[in-house]
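Dear colleague,

Please find below the structure that I am handing over to you. My notes on what was found in it follow directly after.

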Amino acid sequence: MVPPPAATAPDSQLIARSLLDDDRAAFSELVRRHQSGVRALLRRLCCGDAALADDLAQETFIRAYRKLDLFRGESRFSTWLYRIAYNAFLGEKRRLRSSLAAPEEALERRADPGLTGDPALGVDLDRALTALSETERAAILLSYVQDLTHPEIARVLDCPMGTVKTMILRGKEKLRTRLSPAEGKV
Amino acid sequence: MWAMNGNDWLERKLHQAPAAIPDDGFTERVMGALPGRRPRATLRSWIILAAAVVAFLVGYFFLHVADGVVIALQVFLSEPFSPVSVTALSILAVVLGMVVWGTVALARDEM
C-alpha cells in the first residue's frame, strides 16, 4: 500500500516512517508541523530572546530525532516535544546561568513583538510573566497558550497534577497583581 | 464577584492566541543539523546484548569476578557487619551499579 503524502499523514504515521525507514521527509514534516508551538513556548520561557529560543528549539528537535524510539505514544507528540523543550531550556539555563541576561534586560532588547496579536499587550504580559518562577511561567504558558490539559502539563513538567494546579493558581494570582492596576479594575 | 471578573480579563488576555511563527528556513536548518542514520532499535539491542556477553566472559574467565562475589558473600555471611564484609560488599555494589548505569545509559543514548 502506498503511504499517504507526508503533509496529510497523522503524526503517528510520520513517527513510524521516521523510525522504521529513517524517512527524513517524514521527520521534516513533523518539524514543520510543530516548530511554531515549540518556538513560541521557548521564546516566552526565554523572555523573548528569539535567537536563544530558536537554538533551543533546534536542539529540541535533534534530541527528539535521537530519542524517537523512546516515544511510546502515551501522550500527544507535541506534549512529548514540549517536555524535551522544557528540559533543554532548564539545562541551558543551568549552564549559562551567569551569562544569561536578567529577564527584564532581555525584554528591553527584545526584537520580536509579535508573540501576541497586539505588541503592547504582549510586552505587558511578558513583563508580568517574568515575575513568575520558571515552573509557574511554564505551567501558565502550557495551559493557556499551548492549551495543554493538567495531566499533560504534569507530564511535561514532571510533577504531580496537584502541583500543576497550585502553580497555575499561584501564577495567575501573581499575574493578576502585576497587571491589575492597568487592566483589572474595569 | 470581583475575583471572577478579575479572572475573566486575565484569562482572556492569556488565551489570546499568539500568531503562528513562520518557518523561515527553521525546518531546513534542523534537518541539516540532524545526526547520521539512527541505529535501528534491534541493532542497538544486539550490540547491548553482545557487550553484556563479552563483559561476562571477560569478568568470569580473566578477572575471576565470580570468585570475588562468592568470597564477599561468604565474608558477609560469617561476619555480617564487620568492616571487611561491608567494604567488600560496598565495592561489589559500586561495580554492579556502574555496570547497570552504563547499560541503561547505553540503551537510552545514541551509540
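Chain A contains nine helices and zero strands, and its elements run α-α-α-α-α-α-α-α-α from the N terminus on. Please note that this is a predicted model. Of the 186 residues in chain A, 52% count as buried. Among the contacts in this chain between residues at least 6 apart in sequence, 59% join residues at least 24 apart. The accessible surface of chain A is about 8600 Å², and carbon and sulfur atoms hold 54% of that area.

Chain B has five helices and zero strands, in the pattern α-α-α-α-α along the sequence. Buried residues make up 18% of its 111 residues. The accessible surface of chain B comes to about 7900 Å², with 73% belonging to carbon and sulfur atoms.

Helix α2 of chain A

Several of the findings concern α2(A). Of the 22 residues in α2(A), 18 are buried, and the helix is thus described as mostly covered. At 1.5 Å a residue, a helix of 22 residues should span 32 Å, and the end C-alpha atoms of α2(A) lie 29 Å apart, which agrees. The helix nevertheless has a kink of about 50°, centred on H34(A). At the start of α2(A), a side-chain oxygen of D23(A) comes to within 3.0 Å of the backbone nitrogen of A25(A). After the helix comes C47(A), which has a positive phi, near 55°.

Contacts between the chains

Where in chain A is S36(A) found? S36(A) belongs to helix α2, which covers residues 24-45 of chain A. This serine counts as buried because its relative accessibility is 16%, and the limit for buried is under 20%. Neighbours within four places in sequence aside, S36(A) is in contact with A20(B) and I21(B). With I21(B) there is also a polar approach: the side chain of S36(A) reaches the backbone nitrogen of I21(B) at 2.8 Å.

From the side of chain B, D23(B) deserves a mention. D23(B) lies in the loop between α1 (2-15) and α2 (26-33) of chain B. With neighbours within four places in sequence left aside, its contacts are R32(A), Q35(A) and R39(A). Within chain B, the side chain of D23(B) makes a polar contact of 2.5 Å with the side chain of T27(B).

Helix α3 of chain A

For α3(A), 17 residues at 1.5 Å a residue should span 24 Å, and the end C-alpha atoms are 24 Å apart, which agrees. The buried residues of this helix are L52(A), A53(A), D54(A), L56(A), A57(A), T60(A), F61(A), I62(A), A64(A) and Y65(A). What do the buried residues of α3(A) pack against? Their partners are α1 (11-21), α2 and α4 (77-95) of chain A, together with α2 of chain B.

Aromatic pairs

How many aromatic pairs does a search of the whole structure find over all chains? The search finds six. Among them is the pair of F27(A) and Y65(A), which is edge-to-face, with 5.1 Å centre to centre and 70° between the planes. F27(A) lies in helix α2 of chain A and Y65(A) in helix α3 (residues 50-66) of chain A, so the pair ties together parts that are 38 residues apart in sequence. F27(A) counts as buried, at 1% relative accessibility, and Y65(A) counts as buried as well, at 2%. In addition, F71(A), F77(A) and W80(A) form one aromatic cluster.

A residue in helix α3 of chain B

One further residue of chain B was examined. A51(B) is placed in helix α3 (residues 41-62) of chain B. With a relative accessible area of 38%, A51(B) is partly exposed, because that class lies between the limits of 20% and 50%. The C-alpha atoms of A51(B) and T103(B) are separated by 9.1 Å, while the two residues are 52 residues apart along the chain.

With kind regards

Definitions and conventions
Residues numbered from 1 in each chain as written. Chains lettered and ligands numbered in written order. Predicted model: local features only at pLDDT ≥ 70, side-chain atom pairs only at ≥ 80, totals over all residues. Heavy atoms only, no water. Helix = DSSP H or I, 4+ residues; strand = E, 2+ residues; numbered from the N terminus. Buried < 20%, exposed > 50% of the residue type's maximum accessible area, 1.4 Å probe, protein only. Polar contact = N/O pair within 3.5 Å; in protein donor to acceptor, adjacent residues only side chain to side chain. Contact = heavy atoms within 4.5 Å. Phe/Tyr/Trp six-rings, centres within 6.5 Å; stacked < 30°, edge-to-face > 60°. Areas by Shrake-Rupley, 256 points an atom, 1.4 Å probe, with all protein chains shown as cover. Expected span 1.5 Å × (residues − 1). Bend = angle between axes of the 7 residues up to and from the residue.
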